[in-house]
Amino acid sequence: MKKDEEKIDVLEKIANGITWWIGSIPSLIAHTIFFITSFLLPLLKIVEFDKMLLILTTVVSLEAIYLAIFIQMSVNKSHEKIEDIQEDIEDIQEDIEEISEDIEEISEDIEEINEDIEDIQEDIEEINEDEEDEDHNERAKNVMLKSHVNSNKNEIKALKDQIAELQNMIDQLKKD
């Protein structure tokens, strides 16, 4: 089984090399020299004109048949590569959709956290109003708690901004 695959790989490499060579400048030069030589042989009376045309026609026909086969092999190989790329693109699109869904869920979680923070701030304000006679240590604790809440709010806002930026990038990727 491996030997068959190795033989096929070798044949494909040969076919790709021939196809590449046929489309090159050295091939153009070699064919031009071959055709000039073919037409010079009858002029120099080395070969009869009819025999030269018969041989030239046969050689050119065989070359055309093999070139068509080699070119079709290259087209088939390119088509396989394109199909692989299309599958990769579909996988990437699925990944982008999953990331979008995750970002939406994170955005909802952040909104819930913001609501909880607002509730906590309201509770703190109520506690402060109810306990105006509280000693300075308790007031200091409340102020610190508020500052932590505000700090958390800023962090959450920064997270929201990052999520919005990621969402924009995903939308751009979807467009591309």
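## Working through a four-helix model

I46 sits out in the open: its relative accessible area is 55%, so I46 counts as exposed (exposed is over 50%, buried is under 20%, and partly exposed is in between, using a 1.4 Å probe and protein chains only). A quick word on ground rules before the exercises. This is a predicted model, where local features need pLDDT of at least 70 and side-chain atom pairs count only at pLDDT 80 or more, while totals for chains, interfaces and linings use all residues. Residues are numbered from 1 along each chain as its sequence is written, and side-chain values use heavy atoms, with hydrogens and water left out.

**Exercise 1. Work out the fold pattern and place I46 and K45 in it.**

Step 1: count the elements. The protein has four helices and zero strands (DSSP runs numbered from the N terminus: H or I of at least four residues for helices, E of at least two for strands). Along the sequence that reads α-α-α-α.

Step 2: find the loop. I46 lies between α2 (25-43) and α3, and K45 is in the loop between α2 and α3 as well.

Step 3: check the backbone. K45 is not a glycine, yet its phi is positive, about 60°. As background, most residues other than glycine have a negative phi. K45 is also exposed, with a relative accessible area of 75%.

Step 4: look at the surface around I46. Together with I36, L40, L43 and L44, I46 makes a nonpolar patch of about 530 Å². Patch members have over 30% relative accessible area and no salt bridge; nonpolar side chains (Val, Leu, Ile, Met, Phe, Trp, Tyr) are joined within 5 Å, like charges within 9 Å. The areas come from the Shrake-Rupley method with a 1.4 Å probe, and for residues only the protein chains shown count as cover.

**Exercise 2. Find the largest nonpolar core and say which helices build it.**

Step 1: list the members. Seven residues make it up: I96, I103, I110, I117, I156, I163 and I170. A nonpolar core is a set of buried Ala, Val, Leu, Ile, Met, Phe, Trp, Tyr and Cys residues joined through side-chain atoms within 4.5 Å.

Step 2: assign them. α3 (49-130) and α4 (136-175) each supply at least two residues of this core, and α3 gives the most, with four.

Step 3: visit a polar neighbour. N114 is in helix α3 and counts as buried, at 14% relative accessibility. Setting aside residues up to four places away in sequence, N114 touches I156 and K160 (contact means heavy atoms within 4.5 Å).

Step 4: zoom out. Just 15% of the 176 residues count as buried.

**Exercise 3. Which residue forms a salt bridge with K77, and what does the pair link?**

Step 1: apply the rule. A side-chain nitrogen of Lys or Arg has to be within 4 Å of a carboxyl oxygen of Asp or Glu. That gives one salt bridge.

Step 2: name the partner. K77 pairs with E12, and their closest N and O atoms are 3.2 Å apart.

Step 3: trace the link. K77 is in helix α3 and E12 in helix α1 (residues 2-22), 65 residues apart, which makes this a link between distant parts of the chain. K77 is partly exposed at 30% relative accessible area, and E12 is partly exposed at 27%.

Step 4: look for another spot of this kind. S74, in helix α3, is in contact with N16 and T19, leaving aside neighbours within four places. S74 and N16 are 58 residues apart in sequence but 6.8 Å apart C-alpha to C-alpha.

**Exercise 4. Classify the ring pair Y66 and F70.**

Step 1: recall the cut-offs. Rings of Phe, Tyr and Trp (its six-membered ring) pair if their centres lie within 6.5 Å; planes under 30 degrees apart are stacked, over 60 edge-to-face, and the rest tilted.

Step 2: apply them. The structure holds two aromatic pairs. For Y66 and F70 the centres are 6.3 Å apart and the planes 35° apart, so the pair is tilted.

Step 3: locate the pair. Both residues lie in helix α3, four residues apart, about one turn of the helix. F70 is buried, at 17% relative accessible area.
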